[in-house]
Structure formats: structure tokens, C-alpha cells
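The following report describes the fold, the interior and a few individual residues of one protein chain. Please read it with the sequence and the structure at hand.

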Amino acid sequence: MGVKKFKISHQRKNCIGCGSCVMYAKNRWKMNDKDGLADLIGGKEKGDYIVAEADIDEFNDNKEAEKVCPMQIIKIDKKLK
């Protein structure tokens, strides 16, 4: 059986560039030098969202990033694979 995974979704168009996601989950988030908004590392566009799959060892950090985002545009899929 492989490593458990979970899904992160980011509605980047509503990002204000505060950087709180980077503070809590720097291995999955970075600030974009061009527009000052957050990028979900490894994310792919799916409609209005950027979506990435991450290993379970990143879950707690990204759950915290979801919680502290002032725009509430980070969503962690509760269903683990």
C-alpha cells in the first residue's frame, strides 16, 4: 500500500498575498515574485481552483494554513486516500 494522500484546493484569484499560508506550510506554498500572490507548489488549474495532491505528512501544516487564511480560500479535502 502506498503513502496516504490528501487534496489541497486554492482559489488563487481571491488571494490577497498576506503570506500566512507560507508561514505555516512553506514546503507547499510560496509567494509569487511577479504578482505577490500565493502559489500552491505542485498545483494544477482546475476551473477556478488550483489543486494539488500532497502526502499525509504535510496534512497538519496545510490544515493550519487553511485555518489562518483570512480569505478562507484554501480547502483541505477531508477524504484521505
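## The nonpolar core

In this predicted model, the largest nonpolar core holds 18 residues, and among these I8, W29 and I74 touch the most other members. At least two residues of this core come from each of β1 (5–10), β3 (38–40), β5 (49–55), α2 (59–68) and β6 (74–76). Strand β5 gives the most to the core, namely three residues.

The surroundings of W29 can be listed in full: with residues up to four places away in sequence not counted, W29 touches I8, H10, C21, V22, A38, D39, L40, I41, N62, A65 and I74. Both I8 and I74, which are named with W29 as touching the most other core members, are thus also on the list of residues that W29 touches.

## The chain as a whole

Two helices and six strands make up the secondary structure of the chain, and they follow one another along the sequence in the pattern β-α-β-β-β-β-α-β. The chain has a radius of gyration of 12 Å, close to the 12 Å that the globule rule gives for 81 residues, so it is as compact as a globular protein of that length. The C-alpha trace spans about 40 × 25 × 20 Å along its principal axes.

Of the 81 residues in the chain, 37% are buried. When contacts with a separation of 6 or more are considered, 61% of them are accounted for by residues 24 or more positions apart. The surface that the chain exposes amounts to about 5,400 Å², of which carbon and sulfur atoms supply 49%.

## Helix α2 and its two sides

Helix α2, which supplies residues to the core, has F59, N62, A65 and E66 as its buried residues. Seen down the helix axis, these buried residues fall within an arc of 125 degrees, so they line one face of α2. The elements that cover them include β1, α1 (20–24), β2 (29–31), β5 and β6. On the other side of α2, by contrast, N60 and K67 are exposed. Two of the buried residues of the helix, N62 and A65, are also among the residues that W29 touches.

## The cysteines

How many disulfides does a search of the whole structure find? The search finds zero. C15 is in no disulfide, and the nearest cysteine sulfur, which belongs to C21, is 6.3 Å away. Seen from the other side, the closest cysteine sulfur to that of C21 is in C15, and the separation of 6.3 Å is too far for a bond, because a disulfide requires the two sulfur atoms to be within 2.5 Å. Both residues are nevertheless buried, C15 with a relative accessible area of 15% and C21 at 6% relative accessibility.

## Individual residues outside the core description

The table gives the relative accessible area and the location of four residues that are taken up in the text below.

| Residue | Location | Relative accessible area | State |
|---|---|---|---|
| S20 | helix α1 | 10% | buried |
| K44 | strand β4 (residues 44–46) | 58% | exposed |
| E58 | loop between β5 and α2 | 16% | buried |
| Q72 | loop between α2 and β6 | 55% | exposed |

S20, in helix α1, touches V68, C69 and P70 when residues up to four places away in sequence are not counted. Of these, V68 lies at the end of the range given for α2 (59–68).

E58, in the loop between β5 and α2, is in contact with F6 and R28, leaving aside its neighbours within four places in sequence. One of these partners, F6, falls within the range of β1 (5–10).

K44, in strand β4, is in contact with Y49, I50 and V51, again leaving aside neighbours within four places in sequence. The C-alpha atoms of K44 and S9 are separated by 9.5 Å, although these two residues are 35 residues apart along the chain.

Q72, in the loop between α2 and β6, stands out by its backbone: its phi is near 50 degrees, which is a positive value in a residue other than glycine. At 55% relative accessibility, Q72 counts as exposed.

Methods. Residues numbered from 1 in each chain as written. Predicted model: local features only at pLDDT ≥ 70, side-chain atom pairs only at ≥ 80, totals over all residues. Heavy atoms only, no water. Buried < 20%, exposed > 50% of the residue type's maximum accessible area, 1.4 Å probe, protein only. Core = buried A, V, L, I, M, F, W, Y, C linked by side-chain atoms within 4.5 Å. Helix = DSSP H or I, 4+ residues; strand = E, 2+ residues; numbered from the N terminus. Contact = heavy atoms within 4.5 Å. Rg over C-alpha atoms; globule rule 2.2 N^0.38 Å. Areas by Shrake-Rupley, 256 points an atom, 1.4 Å probe, with all protein chains shown as cover. Arc of directions from axis to C-beta.
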